[in-house]
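Here are my notes for someone opening this one for the first time. Have a look at the picture, then read the points in order.

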Amino acid sequence: MGYIRAEEILPIEVIELIQQYVDGESIYIPRKAANRQAWGAGTQIRQELLTRNRQIYMDYLAGSRISELACKYCLSEKSIQRILRKISR
């Protein structure tokens, strides 16, 4: 995400109003609700995580212990437990 200089897009009156609250600081202006995308909508990460989680479950069913899975997938044991609970439903 790049930054845009306020004076390039906002009227001076708006800048002066904002400066009453934040002077010389960086602020984040969120998207309108109608323009928001779901997490991972722009990439394949959701599918990659689902594939990884299914593999974790298959490894668990094949006899791997939670501590082994945590080490293998670089996750905490709590994360492995959460994944197993979610997939097994």
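The points below go through the helices, the salt bridges, a surface patch and a few single residues.

1. A caveat before anything else: what you're looking at is a predicted model. Please keep that in mind for every value quoted here.

2. Let's begin with helix α3, which runs over residues 45–61 and so counts 17 residues. From its first C-alpha to its last it reaches 24 Å, close to the 24 Å expected at 1.5 Å a residue. After α3 comes G63, and its phi is positive, near 115°.

3. Which residues of α3 are buried? They are N53, I56 and D59. Looking down the axis of α3, you'll find these buried residues within an arc of 120°, so they line one face of the helix. The background is simple: an α-helix has 3.6 residues a turn, so residues three or four places apart point the same way. As for what covers the buried residues of α3, the list includes α4 (66–72) and α5 (77–87).

4. Now turn to α5, where the buried residues are S79, I80, I83 and L84. Seen down the axis of α5, they fall within an arc of 135°, so here too the buried residues line one face of the helix. That buried set packs against α3 and α4. On the face of α5 turned away from the buried side you'll see the exposed residues K78 and K86.

5. Between α4 and α5 there's a loop, and C74 sits in it. Don't skip past this residue: C74 has a positive phi of about 55° although it is not a glycine. Is C74 buried or exposed? It counts as exposed, because its relative accessibility is 70% and the cut-off for exposed is over 50%.

6. On to the charged pairs. How many salt bridges does the count come to? The count is three. One of them links K72 and D59, with the closest N and O atoms 3.0 Å apart. K72 belongs to helix α4 and D59 to helix α3, so this pair ties together parts that are 13 residues apart in sequence. The two partners sit in opposite surroundings: D59 is buried, with a relative accessible area of 10%, whereas K72 counts as exposed at 54% relative accessibility. You've met D59 already, as one of the buried residues of α3.

7. Another salt bridge joins the side chains of R5 and E7, at 2.4 Å from N to O. R5 counts as exposed, with 53% relative accessibility, while E7 is partly exposed, with a relative accessible area of 48%. There's also the bridge between E68 and R65, whose closest N and O atoms are 3.8 Å apart. In that pair R65 is exposed at a relative accessible area of 53%, and E68 counts as partly exposed at 38%.

8. For the surface, have a look at V14, I18, I27 and I29, which make a nonpolar patch of about 330 Å². Where is V14 placed? You'll find V14 in helix α2, which covers residues 12–19. V14 is partly exposed, with a relative accessible area of 33%.

9. Next, I4, which is placed in the segment before α1 (6–9). Is I4 buried or exposed? At 60% relative accessibility, I4 counts as exposed. If you want a distance to go with that, I4 and D23 are 19 residues apart along the chain, and their C-alpha atoms are separated by 16 Å.

10. Last comes G40, found in the loop between α2 and α3. G40 counts as buried, since its relative accessibility is 16% and buried means under 20%. What is G40 in contact with, leaving aside its neighbours within four places in sequence? The answer is I45 and R46. D23 turns up again here: G40 and D23 are 17 residues apart in sequence, and from C-alpha to C-alpha they are 33 Å apart in space.

Terms used. Residues are numbered from 1 along each chain as its sequence is written. This is a predicted model: local features need pLDDT of at least 70, side-chain atom pairs count only at pLDDT 80 or more; totals for chains, interfaces and linings use all residues. Side-chain values use heavy atoms; hydrogens and water are left out. Helices (H or I, at least four residues) and strands (E, at least two) are DSSP runs, numbered from the N terminus. The expected span of a helix is 1.5 Å times one less than its number of residues. Buried means under 20% relative accessible area, exposed over 50%, partly exposed in between (1.4 Å probe, protein chains only). The arc is that of the directions from the helix axis to the C-beta atoms. Contact means heavy atoms within 4.5 Å. Patches are made of residues with over 30% relative accessible area and no salt bridge: like charges are joined within 9 Å, nonpolar side chains (Val, Leu, Ile, Met, Phe, Trp, Tyr) within 5 Å. Accessible areas come from the Shrake-Rupley method with a 1.4 Å probe; for residues, only the protein chains shown count as cover. A salt bridge is a side-chain nitrogen of Lys or Arg within 4 Å of a carboxyl oxygen of Asp or Glu.
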